[in-house]
Amino acid sequence: MKLREYKQMAHARKWMKKNMPILTTWHAYVGYELDLFTTFKKPISLQTAADQRNLSQDLLARWVDVGLAVGHLKEKQQLIQVKNYNKMPVKKTKTNMSGILLKEMMELHIPTLLSYPELMRQKSKQEFNADKHGEIVAETSSLLEGLALKKLYKVVKKRNSQSVLDIGCGHGGYLSKLAEKFPELSLTGIDINETVIEEAKHRNANQNIRFMNENVMSMPQTEERFDIVMMNNVFHYIAPSQRQKLFEKAAQLLSPNGQLFIVTPIKNPKHGKPFSSAFNSFFTAFENLYPLPSAKEIHQFSKTAHTKPVNSTSIVREGGWYVFILENKRKEVAMLKPITTQTRVPVK
Ligand SMILES: C[S@@+](CC[C@H](N)C(=O)[O-])C[C@H]1O[C@@H](n2cnc3c(N)ncnc32)[C@H](O)[C@@H]1O
């Protein structure tokens, strides 16, 4: 073998090594989707597992082979078992957090990223189907709740807040937790997606939360003011040219002492650049989604909207997620027209 060929082979081997985590991810994704880690929770033969779950035995055998190779599964006397059940993505348990993330990445992000060569050549973009994917996106965003809620509770307590508006509330996870913890709070959630709002109403049927199907950008002005206005994981739905308007709309809804509470991944974070830049690659592939703002841009919007940053903290380093808290600088409430009830979706 010539030296050049030898070097190329060495490079190819390095790339194979680099690609190895893909196998782990694929294996975990298939395992989650078919709930196979539960099937193999106790030692079981391949054939029994295939019969029990009515699955193709040869494909299951190949999945088991990869699982044994990457260390998700172990084999003893021809019986297969999960090595560490509690660490695997399993449906309907608390660990399904990893499963939901895997599902979004494998079913939504990876196929989109794979379409990059074609999109670049054709200088075209795709249409993000919010009806089809809205549910899973709302589900994954809600995973961050646990981490952001502690900070939100602190703000509510410290400032003795009475009312909260959640812009782009998704399934209403934040509002539902707030309702449990602070039953006296007046809570409102708006979302542009009707299916998502219907699901929010359904999930929170027992809670005293007002949900409305509204586009924040075209929402009629209202006299109502809120002590906290949240915008969590919504910036990539709003074109950069419209973001200043979004901040101004949100800030106008604040009571004089109010605060904006924002949970979002950002562009160019100090930590988590690989995922944050991959999120932006995903968003940019769609004509109706947009890249994330940087912390600097958020601070600039905040300034023009007469709010001042009081806190910004990283909550998921790996993905570049931050919480921003911005305080209203206007001490007087501008008098505006009341909201017209016809444009509101009635609260059921
Ligand atoms: C990624 S989800 C986040 C849900 C929730 N805030 C969370 O963090 O768990 C973003 C939500 O914003 C909603 N949204 C997007 N553009 C909007 C707009 N112009 N007005 C109101 N809601 C909007 C979407 O329908 C979607 O449910």
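Select Asp191 to begin: an N or O atom in its side chain lies 2.6 Å from an oxygen atom of the ligand, a polar contact being a pair of N or O atoms within 3.5 Å. The model is predicted, with local features requiring pLDDT of at least 70, side-chain atom pairs counting only at pLDDT 80 or more, and totals for chains, interfaces and linings using all residues. Residues are numbered from 1 along each chain as its sequence is written, and side-chain values use heavy atoms, without hydrogens and water.

Select Gly168 next. One of its backbone N or O atoms is 2.6 Å from a nitrogen atom of the ligand. At Val216, a polar backbone atom lies 3.0 Å from a nitrogen atom of the ligand. On its own the ligand has 600 Å² of accessible area, of which the protein covers 95% (Shrake-Rupley method, 1.4 Å probe).

Now display the residues around the ligand, that is, those with a heavy atom within 4 Å of it. There are 19, and Gly168, Asp191, Asn215, Asn232 and Asn233 come nearest. This shell comprises 9 nonpolar, 8 polar and 2 charged residues, with Gly counted as polar.

Finally, select residues 164–258, which an unreviewed UniProt entry annotates as "domain: Methyltransferase"; such annotations may be inferred rather than shown by experiment. The end C-alpha atoms of this span are 10 Å apart, and 34% of it is helix and 28% strand (DSSP runs of H or I, at least four residues, and of E, at least two).

Notes:
A polar contact is a pair of N or O atoms within 3.5 Å; within protein, one must be able to donate a hydrogen and the other to accept it, and residues adjacent in sequence count only if both atoms are side-chain atoms.
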